[in-house]
Amino acid sequence: MPFIRVGTENSGPIRLYYEDHGSGNPTVLIHGFPLSGKSWEKQVLALLESGRRVITYDRRGFGGSTKPALGYDYDTFASDLDKLMTKLDLRDAALVGFSMGGGEVARYLSTYGSERVNKAVFISSLPPYLLKTADNPDGVEEGVFDAMISSINEDRPAFLSKFLADFFNMDLLGGKRVSEEAFHFSWNIAANASPKGTMDCVSSWLTDFREDFQSIQVPVLIIHGDSDRILPISATGNPLHKSLKDSRMVVVEDGPHGLIWTHADKVNPELINFLVTDQSMQQDRGMRRAA
């Protein structure tokens, strides 16, 4: 099992578990909360078939990575990603961030630049700024995050069940686009995560990424579901698209937050077309719907 050391906590190393498969230009897949690199199963298979090299890794505190009690902030997350990119000496890479993984993409590009990166993708993504403030009226009230932290602290397994039900819109898509077995697969991954990391990551979601996007110089694809209950498109995908000059947005009709599983048949062709082809982004500036 491959690991990369990214730091220390007291007497022990902090190591990230990663997988590196295939050949061709690299795609780095950065998972969402509260899952791991395993959540990219449907995209890994499709990307390998398209001729891409595919790297997944587990964020600190999640999956097979070390579960420290510190470092659950985006400066540290971006530093961890940079260590992985450097160790593997990735060039002409695409960064693909799902959910809170979009924060790593934004902070990495603003901090470390695009020397190693030629494209970026944000799927069901957190940026640019989730918190509702006077200058961000479409954001989410801070009390929502306080309640989540309280629920995690009180009964994390029960919180995960409720969160993942909204993650997949199980009341509408259960038994249709997502099975009970797939739901429990995700629950098992989430339950194995660090309790401290699970709680601290919620606070990290209040990071303001608006300045990060001013320095992004690579073409961007945004994919978001119009039925996302975790990160509503009005607070995330839409303002993200407006803030980026060189971006294309695809709205997946009836897509929940976890659309990389439920709507892989819509997500994968858009992702592969963007990564594999060299078409001009000037033609892709607008927004389209994937029904």
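Start by selecting threonine 198 and serine 194: the side chain of threonine 198 reaches the backbone oxygen of serine 194 at 2.7 Å. Keep in mind as you look around that this is a predicted model. Threonine 198 sits in helix H7. Is threonine 198 buried or exposed? Its relative accessible area is 0%, so it counts as buried. Now show what surrounds it. Leaving aside neighbours within four places in sequence, threonine 198 is in contact with Phe33, Phe62, Ile152, Arg156 and Ala193.

**Next stop: helix H4**

Two of those contacts, Ile152 and Arg156, are among the buried residues of H4, so select residues 142-168 to bring up the helix. How far apart are the end C-alpha atoms of H4? For its 27 residues, they are only 23 Å apart, short of the 39 Å that a straight helix would reach at 1.5 Å a residue. To see where the helix bends, centre the view on aspartate 155. A kink of about 130° lies there, shortly before proline 157.

Now colour the buried residues of H4. Besides the two already met, they include Phe145, Met148, Phe159, Leu160, Phe163 and Leu164. Further along, Asp166, Phe167 and Phe168 are also buried. Which elements help to cover them? Among them are strand S5, helix H5 (170-173) and helix H6 (180-191). Helix H7 (195-204), where the tour began, is also part of the cover, as is helix H9 (259-262). Step just past the end of H4 and you arrive at asparagine 169, whose phi is positive, near 50°.

**Step back to phenylalanine 167**

Phenylalanine 167 lies in helix H4. With a relative accessibility of 2%, phenylalanine 167 counts as buried. Show its contacts beyond the neighbours within four places in sequence: Phe33, Leu35, Phe98, Ile230, Pro256, His257 and Gly258. Phe33 should look familiar, being in contact with threonine 198 too. Then add aspartate 228 to the selection. It is 61 residues away from phenylalanine 167 in sequence, yet the two C-alpha atoms are 7.6 Å apart in space.

**Over to the sheet**

Switch to a cartoon view and look for the open sheet of nine strands. The order across it is S1-S2-S4-S3-S5-S6-S7-S8-S9, with mixed pairing. Its edges are strand S1 (3-9) and strand S9 (287-290), each of which pairs on one side only. Direction ignored, neighbouring strands are turned by 20° against each other on average.

Helix H3 (residues 101-112) packs on this sheet. Select it together with the strands it touches: S3 (26-30), S4 (53-57), S5 (93-98) and S6 (117-123). The direction of H3 makes about 140° with that of S5.

**Walking in from the S1 edge**

Begin with S1 and strand S2 (residues 12-21), which pair in the antiparallel sense over six bridges. One pair to pick out is arginine 5 with its bridge partner in S2, arginine 15. Moving on, S2 and S4 also run antiparallel, joined by four bridges. Here tyrosine 18 has tyrosine 57 of S4 as its bridge partner.

How do S3 and S4 run, parallel or antiparallel? They run parallel, with five bridges between them. Select leucine 29 to find its bridge partner in S4, threonine 56. Finish on S4 itself, a strand that is mostly covered: four of its five residues are buried.

Key:
Residues are numbered from 1 along each chain as its sequence is written. This is a predicted model: local features need pLDDT of at least 70, side-chain atom pairs count only at pLDDT 80 or more; totals for chains, interfaces and linings use all residues. Side-chain values use heavy atoms; hydrogens and water are left out. Two strands pair if DSSP finds at least two bridges between them. Axes are lines fitted to C-alpha atoms, for helices over the stretch in contact, and angles run from 0 to 180 degrees between N-to-C directions. Contact means heavy atoms within 4.5 Å. The expected span of a helix is 1.5 Å times one less than its number of residues. The bend at a residue is the angle between axes fitted to the seven residues ending there and the seven starting there. Buried means under 20% relative accessible area, exposed over 50%, partly exposed in between (1.4 Å probe, protein chains only). A polar contact is a pair of N or O atoms within 3.5 Å; within protein, one must be able to donate a hydrogen and the other to accept it, and residues adjacent in sequence count only if both atoms are side-chain atoms.
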